[in-house]
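Hi,

Here is the structure I said I would pass on. Have a look at it first, and then read my notes below.

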Amino acid sequence: MGLATGNSPTGMYKYLAKAANTGEFDSSKIRSYNLDEYIGLPGENAQQRLMHHESYCYFMIQKFFGLLKHKFIETSLPYGALIDQKRLVKELETHTGDWKKIGVNAGKSIVIKSNASSEYLAWIRSEVLMGYARKIRKAGGIDIQIIGVGGRGHVGFHESGIPFSGSRVMLVELDDNTVTNAIADGHFQSKQECPQYAVSMGAELVYEAMTVVLLANGERKVEPVAESLLGDPTHDIPISYGQIYAKKGGDLIYVLDKVAASGLLSNKAVLKKKGVKIEVV
Ligand code: GLP
């Protein structure tokens, strides 16, 4: 399974834990891979950063893994906590030829070159980023991937404006909008406290799963959800990659409340033309 953090999947995690604990499925046969993890949470070392109450690792233990009577075989999150943000910033500043930023909006992907002269950046590239992609590949890929939707339609921390192509596991500089939402949702008190970077699966890797289930509710999601299916796929709305995925035969399921679905429900004809099936329950 590919898993996501945020408010959107927490109800499902409770439900799944209950189903596993009452024997509806065997949780001890599952491996899981999360979408993303912050870099730059407070802490002097990786252990402390991982145990910070806003780390996605902590979130997953609290909201899902900890509730399971029979634990998964293995759970993995991108290795963002291993990166020391101060060191990262310093290495980026002193080795400007080692990397380039890509993306047309506020959030960027920092692409580290294969011949990076900084040992630290080379390590991030091969062990943190490619290492996570390797781990997923070794397991045979992801069967079912759960995703939420970020402010401008991002998936994980594949921020709006980052190209689809080459977006497997990325080092990301967060979009202001993502930081603003994290503060608005009460995760951090201020911009200074909020991490500025993350490690994240990109759309290309997310949508390699056999089935992708997108969960969204509430007003903030109306626009990205509607735009992701009504218009043409665009890197401005990373979840619109789902259209390319579905066209190639991927199994894409949106589970929405009435509010998040409102933009789609008022454009049923366009959806029908695109072959989208709607089920109202
Ligand atoms: C963050 C996470 C995303 C998540 C999004 C929305 O940006 N990196 O994976 O989908 O928040 O979270 P929520 O479900 O709380 O709205």
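I'll start with Arg31, which comes out at 37% relative accessibility and so counts as partly exposed. Before you go further, keep in mind that this is a predicted model.

Salt bridges took up most of my time, and there are nine of them in the structure. Arg31 is in one of these: its side chain meets that of Glu74, at 3.3 Å from N to O. The two come from distant parts of the chain, with Arg31 in strand S2 (residues 31–34) and Glu74 in strand S4 (residues 74–76), 43 residues apart.

Glu74 has another partner as well. A salt bridge joins Glu74 to Lys135, and here the closest N and O atoms are 3.1 Å apart. Lys135 sits in helix H5 (residues 119–138) while Glu74 is in strand S4, so this pair ties together parts that are 61 residues apart in sequence. Like Arg31, these two fall in the middle accessibility class: Glu74 is partly exposed at 27%, and Lys135 is partly exposed at 25%.

One more pair to look at is Glu127 with Arg134, whose side chains meet in a salt bridge at 3.6 Å, N to O. Glu127 has 40% relative accessibility, which makes it partly exposed, and Arg134 is partly exposed too, with a relative accessible area of 36%. As for networks, shared partners link Arg31, Glu74 and Lys135 into a single one.

Now back to strand S2, where you will also find Asn34. Is Asn34 buried or exposed? Its relative accessible area is 0%, and the cut-off for buried is under 20%, so Asn34 counts as buried. What does its side chain have for polar company? A polar atom of the Asn34 side chain lies 3.3 Å from the backbone oxygen of Leu3.

The surroundings of Asn34 are worth clicking through too. Setting aside neighbours within four places in sequence, Asn34 is in contact with Leu3, Ala4 and Thr5, with Met60 and Phe65, with Ser76, Leu77 and Pro78, and with Tyr132 and Met201.

So strand S2 gives you two residues to compare: Arg31, partly exposed at 37%, and Asn34, buried at 0%. If you open just one view, I'd go for Glu74, since that is where the salt bridges to Arg31 and Lys135 come together.

Cheers

Key. Residues are numbered from 1 along each chain as its sequence is written. This is a predicted model: local features need pLDDT of at least 70, side-chain atom pairs count only at pLDDT 80 or more; totals for chains, interfaces and linings use all residues. Side-chain values use heavy atoms; hydrogens and water are left out. A salt bridge is a side-chain nitrogen of Lys or Arg within 4 Å of a carboxyl oxygen of Asp or Glu. Helices (H or I, at least four residues) and strands (E, at least two) are DSSP runs, numbered from the N terminus. Buried means under 20% relative accessible area, exposed over 50%, partly exposed in between (1.4 Å probe, protein chains only). A polar contact is a pair of N or O atoms within 3.5 Å; within protein, one must be able to donate a hydrogen and the other to accept it, and residues adjacent in sequence count only if both atoms are side-chain atoms. Contact means heavy atoms within 4.5 Å.
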